[in-house]
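Work through the exercises below with the sequence and the coordinates open. Try each task before reading its solution.

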Amino acid sequence: MAKLKIIVSATSFFCTRIEWALKLKGLEYELTVEDWFKGKTELLLKSNPVHKKVPVLLDDGVVIAESKVILEYIDEKWKGGDFYPLLPQDPYERAQARFWAQFADDKCLSGAFQACLAEDGEEKEKAVETTLESFTYLEKQIEGKKFFAGDKMGYLDLVAGWIPHWLSVMEETGGIKIFDAERFPSLHEWAQNFIEIPLIRECLPPRDVLVNHYIRRLSSVRSLKLNKP
């Protein structure tokens, strides 16, 4: 079998979730790393001409883009036998995992980033409050469980896997506070369990690299907002 290739950014949680999935499946892969600040390479633009974003999975001539789509492709192609399952077999449970994964990206992740970008004062307070409300829904999904998937981590755990490592960086660089252990005790316990798994930890980018990246990225995005007519 030809080795899989992934076009990634070294600081992107969307890319790291793909690495986690491939490692859980026991699959070998090669990384092609993009630099967020140096512009998009010809390989990325050719491989993903629609969105022009990482991650992109290259599988022996097949090109798959968008992280959650890639996760489902991996789970569907390499299933059964000794391959680790990412999504539940039960149709209802699969639908629930997909729903909450989309919610985690659209509401929790996007909300946290928008709170980072928001101007100080009422705008930032409203953005933080909206994000806290979204995290409350996610907290209910993990109550009484070790992982979102139950006793073993699965699809939703990988999608929400940015919370234990990236969120604190976003809080620090964006001047916000979201992830409080008293407010979200179940999520906090899950995050501690998740990040201590060796397979998970070995894929995490260094925290100082993330901090530097987010300082530059937030500054860049704010500058673009200010320069818009």
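The exercises cover pockets, a recorded domain, the nonpolar core, backbone geometry and one helix.

The model is predicted, so local features need pLDDT of at least 70 and side-chain atom pairs count only at pLDDT 80 or more, while totals for chains, interfaces and linings use all residues. Residues are numbered from 1 along each chain as its sequence is written, and side-chain values use heavy atoms, with hydrogens and water left out.

**Exercise 1. Describe the largest pocket and its lining.**

Step 1. A pocket is an open set of points on a 1 Å grid over the protein atoms alone, where a 1.4 Å probe fits, with protein on both sides within 12 Å along at least five of seven lines; lining residues have an atom within 4 Å of a point. Grid points are joined across faces, edges and corners, and the volume is the space filled by probe spheres set on the points.

Step 2. The volume of the largest pocket comes to about 950 Å³. Its lining has 32 residues, of which Ser 12, Phe 14, Lys 53, Val 54 and Arg 217 are the closest to the centre.

Step 3. Assign the lining to elements, where helices (H or I, at least four residues) and strands (E, at least two) are DSSP runs numbered from the N terminus. At least two lining residues come from each of helix H1 (13-25), helix H3 (67-77), helix H4 (91-117) and helix H10 (207-227). H4 contributes the most, seven residues.

Step 4. Sort by class: Ala, Val, Leu, Ile, Met, Phe, Trp, Tyr, Cys and Pro are nonpolar, Asp, Glu, Lys and Arg are charged, and the others, Gly among them, are polar. The lining of the largest pocket then splits into eleven nonpolar, eleven polar and ten charged residues.

**Exercise 2. Repeat the analysis for the second largest pocket.**

Step 1. This second largest pocket holds about 420 Å³ of space. Among its 20 lining residues, Pro 88, Glu 93, Phe 148, Ala 149 and Gly 150 are the closest to its centre.

Step 2. Two or more lining residues come from H4 and from helix H6 (155-159). H4 gives the most, with four residues.

Step 3. The classes are twelve nonpolar, four polar and four charged residues.

**Exercise 3. Which residues does UniProt list for "domain: GST C-terminal", and what is the helix content of that span?**

Step 1. The UniProt record, an unreviewed entry, lists residues 90-218 under this name. UniProt positions are given in the numbering used here, feature names are shortened, and annotations may be inferred rather than shown by experiment.

Step 2. The span is 69% helix and 0% strand, and its end C-alpha atoms lie 41 Å apart.

**Exercise 4. Which members of the largest nonpolar core touch the most other members?**

Step 1. Such a core is a set of buried Ala, Val, Leu, Ile, Met, Phe, Trp, Tyr and Cys residues joined through side-chain atoms within 4.5 Å. Buried means under 20% relative accessible area, exposed over 50%, and partly exposed in between (1.4 Å probe, protein chains only).

Step 2. The core has 73 residues, and those touching the most other members are Trp 20, Phe 135, Trp 162, Ile 163, Leu 187 and Trp 190. H4 supplies the largest share of this core, twelve residues.

Step 3. Take Ile 163 and list its contacts (heavy atoms within 4.5 Å). Not counting residues up to four places away in sequence, Ile 163 touches Phe 135, Leu 138, Phe 179 and Trp 190.

**Exercise 5. Locate the cis peptide bond and two non-glycine residues with positive phi.**

Step 1. Val 54 and Pro 55 are joined by a cis peptide bond, with omega about 0°. Pro 55 is in the loop between helix H2 (42-47) and strand E3 (56-59).

Step 2. Lys 52, with phi near 60°, is in the loop between H2 and E3. Lys 52 is partly exposed, at 36% relative accessible area.

Step 3. Asp 60 has phi of about 50° and sits in the loop between E3 and strand E4 (62-65). Asp 60 is exposed, with 67% relative accessibility.

**Exercise 6. Why is helix H7 described as largely enclosed by the rest of the structure?**

Step 1. Count the buried residues of H7 (residues 166-174): seven of the nine are buried, so the helix is largely enclosed. They are Trp 166, Leu 167, Val 169, Met 170, Glu 171, Thr 173 and Gly 174.

Step 2. Consider Glu 171, buried at 9% relative accessibility. Not counting residues up to four places away in sequence, Glu 171 touches Ile 176, Lys 177, Ile 178 and Phe 179.

Step 3. Look past the end of the helix: Gly 175 follows H7 and has a positive phi, near 65°.
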